[in-house]
Amino acid sequence: MGARAYTLIEDHLTDITGAVVEIGSERNEGSTTFLHKICTENDIKFYTVDFNELQYLNAKKITNGNAYNMTGEHFFEHIFPSHNEKVSFAYLDNFDLVTHDGRNWDRRKSLYHKHGLNMFGHNNDSKQAHLTQAMCVEKFSADKCFVLIDDTWIDNTSNVIMGKGAYAVGFLLESEFKLLNCIFKGNEVEGLKNGYAFLGRTL
């Protein structure tokens with residue numbers, strides 16, 4: 001992941017007029033803890049969502065109950081509309097990529113299939129999930145809205161956007177968002193360690 005890229009929210013607090021939504025609760029890197037703290041201090045509504053029960057239970061403790069055990073798509077379709085709110089900042093970091101070394105493949109495949117999500121050894125499903133979530137964010141976006149997508153980079157050979165945000169970045173750019181931070185350029189190992197895409201729109 002991009003080194004604590006979620007802290008970028010600090011540079012845009014004056015533009016946050018709606019909710020902050022995290023899809024993919026923290027796994028010991030501190031994102032949920034940080035976002036919950038900064039939202040609490042600034043009277044901003046915060047939601048964190050994860051379909052892994054262990055991560056959900058941890059996030060529930062961190063947020064004093066304001067966590068949801070489901071996919072991001074389900075949250076935006078069935079939960080978020082009932083709150084009658086807009087999204088000002090979304091951190092999308094879920095549906096992990098399968099690396100070329102096959103790391104944790106069996107564990108991940110079993111978990112995703114349990115929730116009805118396909119994972120066949122390639123990453124189109126991860127890219128599609130982040131695209132769908134980006135479309136949901138755009139649908140509910142405040143006039144000023146920021147989207148941070150982790151594990152996204154430009155391949156240093158093909159110059160093609162890779163990783164979780166491969167599909168979502170293009171959609172957001174077509175929806176009047178602008179790339180605020182340069183995406184890391186490198187190979188898969190470097191991209192997974194340092195890559196992220198941060199986009200914003202001000203209407």
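Contact here means heavy atoms within 4.5 Å. The model is predicted.

**Figure 1. Overview of the chain.** The chain has 203 residues, and 54% of them count as buried. Its secondary structure comes to seven helices and 10 strands. Among contacts with a separation of 6 or more, 70% join residues 24 or more positions apart. The exposed area is about 9,800 Å². Carbon and sulfur atoms supply 48% of that area.

**Figure 2. Helix 3 and its buried face.** Helix 3 spans residues 72-79. Its buried residues are Gly 72, Phe 75, Phe 76 and Ile 79. Viewed down the helix axis, these residues fall within an arc of 115°, so they line one face of helix 3. In an α-helix, residues three or four places apart point the same way, because each turn takes 3.6 residues. What do the buried residues of helix 3 pack against? Their partners include four strands: strand 1 (19-23), strand 2 (46-49), strand 3 (67-68) and strand 4 (87-92). Helix 5 (124-139) is also a packing partner.

**Figure 3. Glu 26 in the loop after strand 1.** Glu 26 sits in the loop between strand 1 and helix 1 (31-41). Is Glu 26 buried or exposed? Its relative accessibility is 10%, and the cut-off for buried is under 20%, so Glu 26 counts as buried. The side chain of Glu 26 reaches the backbone nitrogen of Thr 33 at 2.8 Å. Thr 33 is also one of the contacts of Glu 26 beyond four places in sequence. The others are Ser 31, Thr 32, Gln 55, Asn 58 and Ile 62. Val 49 is 23 residues from Glu 26 in sequence. In space, their C-alpha atoms are 9.8 Å apart.

**Figure 4. Asp 50 in the loop after strand 2.** Asp 50 lies between strand 2 and helix 2 (53-62), in the loop that links them. Asp 50 is buried, with a relative accessible area of 5%. Which backbone nitrogen lies 2.8 Å from a polar atom of the Asp 50 side chain? That nitrogen belongs to Asn 52. Beyond its neighbours within four places in sequence, Asp 50 is in contact with Gly 24, Ser 25 and Arg 27. Further contacts of Asp 50 are Gln 55, Tyr 56, Tyr 68, Asn 69 and Met 70. Gln 55 appears in the contact list of Glu 26 and in that of Asp 50.

**Figure 5. The open sheet of strands 7, 6 and 9.** Three strands form an open sheet in the order 7-6-9, with mixed pairing. Strand 7 (161-163) and strand 9 (185-186) are the edge strands, and each pairs on one side only. Strands of a sheet pair through backbone hydrogen bonds, either parallel or antiparallel. In which sense do strand 6 and strand 9 pair? Strand 6 (residues 152-155) and strand 9 pair in the parallel sense, over two bridges. Asp 155 has Gly 186 of strand 9 as its bridge partner.

**Figure 6. Gly 191 in helix 7.** Gly 191 is placed in helix 7 (residues 188-194). Its relative accessible area is 0%, and Gly 191 is buried. Leaving aside neighbours within four places in sequence, Gly 191 is in contact with Asp 151, Trp 153 and Phe 184. Asn 156 is 35 residues from Gly 191 along the chain. The C-alpha atoms of Gly 191 and Asn 156 are separated by 9.8 Å.

Technical notes: Residues numbered from 1 in each chain as written. Predicted model: local features only at pLDDT ≥ 70, side-chain atom pairs only at ≥ 80, totals over all residues. Heavy atoms only, no water. Buried < 20%, exposed > 50% of the residue type's maximum accessible area, 1.4 Å probe, protein only. Arc of directions from axis to C-beta. Pairing = 2+ DSSP bridges. Polar contact = N/O pair within 3.5 Å; in protein donor to acceptor, adjacent residues only side chain to side chain. Areas by Shrake-Rupley, 256 points an atom, 1.4 Å probe, with all protein chains shown as cover.
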